[in-house]
Amino acid sequence: MIVYRPATAQDGPPLDAMARRIWLETFEHSASPEDIALYVGEAYGPQGKLIASLADPAQRFHLALADGEIAGFAKLSPLWLDDAAIMPGAAQLSQLYVATAWHGQGVAQALMAWTIAEARAGGAPALVLTVWEDNHRARRFYDKYGFTHIGDYPYPTGNQIDRDLIMQLVL
């Protein structure tokens, strides 16, 4: 059984470890070992961006727990993207990660339902996100919800710049 709840500061280390593992499984093949190490060093660990954002009350994390282990999470943020095509007042889904063992089990759908409901409850007219252009699984998932490609975002992985797609869902 999956239990869903907001993240707390105590969830930081296991959340960070899970997110790091999923990020590496998904993206490690896409850049040089040096660029991967640079990215991971900034994003994860006790001084990383994920732990820091967990302490920021403007960032809202929602966890999916299976037998006490983190099976997935969504991170809803104030808009940080800057693109003219984004509807003013939009909310941003900054991360939605699901452990591989839980793919196809409805975890991603439940986390997306929470994200959309929270964005609507906050009065956002749209929800935006970025997704790496070669992450076909994620792109298919967002397409099913009606997200549309409205622009591109240069995403740094270490010193490498990747093309992320800016996707928007009108709420």
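## His149 and strand 6

His149 is partly exposed, since its relative accessible area is 42%, a value that falls between the 20% below which a residue is buried and the 50% above which a residue is exposed. In this predicted model, His149 belongs to strand 6, which covers residues 148-157. Once the neighbours within four places in sequence are set aside, His149 is in contact with Arg163, Leu165, Ile166 and Met167. A further relation in space links His149 with Ala85, for the two are 64 residues apart in sequence while their C-alpha atoms are 9.9 Å apart.

## Glu133 and the loop before helix 5

Glu133 sits in the loop that runs between strand 5 (126-132) and helix 5 (136-145). With a relative accessible area of 23%, Glu133 is partly exposed, because the limit for a buried residue is set at under 20%. Leaving out residues up to four places away in sequence, Glu133 touches Arg139, Arg163, Asp164 and Leu165. Arg163 and Leu165 thus appear among the contacts of Glu133 and also among those of His149. Glu133 and Ile70, by contrast, are 63 residues apart in sequence and 26 Å apart in space, taken from C-alpha to C-alpha.

## Two exposed loop residues

Ala55 is placed in the loop between helix 3 (49-54) and strand 2 (60-66), and Ala55 counts as exposed because its relative accessible area is 65%, where exposed means over 50%. Although Ala55 and Ala9 are 46 residues apart in sequence, the distance between their C-alpha atoms is 6.7 Å.

Asp67 is found in the loop that joins strand 2 to strand 3 (69-78). The relative accessibility of Asp67 is 77%, and Asp67 therefore counts as exposed. The backbone of Asp67 has a phi near 50°, which is a positive value in a residue other than glycine.

## Helix 1

Helix 1 takes in residues 12-27, a run of 16 residues, and from its first C-alpha to its last it reaches 22 Å, close to the 22 Å expected at 1.5 Å a residue. The buried residues in helix 1 are Gly12, Leu15, Asp16, Met18, Ala19, Ile22, Trp23, Leu24 and Phe27, a list that includes the acidic residue Asp16 along with the aromatic residues Trp23 and Phe27.

## The chain as a whole

The secondary structure of the chain comprises five helices and seven strands, and from the N terminus on the elements follow the order β-α-α-α-β-β-β-α-β-α-β-β. The chain has 171 residues and a radius of gyration of 15 Å, which agrees with the value near 16 Å that a compact globule with this number of residues would have. Taken along the principal axes, the C-alpha atoms fill a box of roughly 40 × 35 × 30 Å.

Of the 171 residues, 46% count as buried, and the accessible surface of the chain comes to about 8,700 Å², with 55% of it belonging to carbon and sulfur atoms. Among the contacts in the chain with a separation of 6 or more, 63% are between residues 24 or more positions apart. As for charge, the chain carries 12 positive and 19 negative side chains, and the centres of these two sets lie 7 Å apart.

Note on methods. Residues numbered from 1 in each chain as written. Predicted model: local features only at pLDDT ≥ 70, side-chain atom pairs only at ≥ 80, totals over all residues. Heavy atoms only, no water. Helix = DSSP H or I, 4+ residues; strand = E, 2+ residues; numbered from the N terminus. Expected span 1.5 Å × (residues − 1). Buried < 20%, exposed > 50% of the residue type's maximum accessible area, 1.4 Å probe, protein only. Rg over C-alpha atoms; globule rule 2.2 N^0.38 Å. Contact = heavy atoms within 4.5 Å. Areas by Shrake-Rupley, 256 points an atom, 1.4 Å probe, with all protein chains shown as cover. Lys, Arg positive; Asp, Glu negative; His and termini not counted. Charge placed at Lys NZ, Arg CZ, Asp CG, Glu CD.
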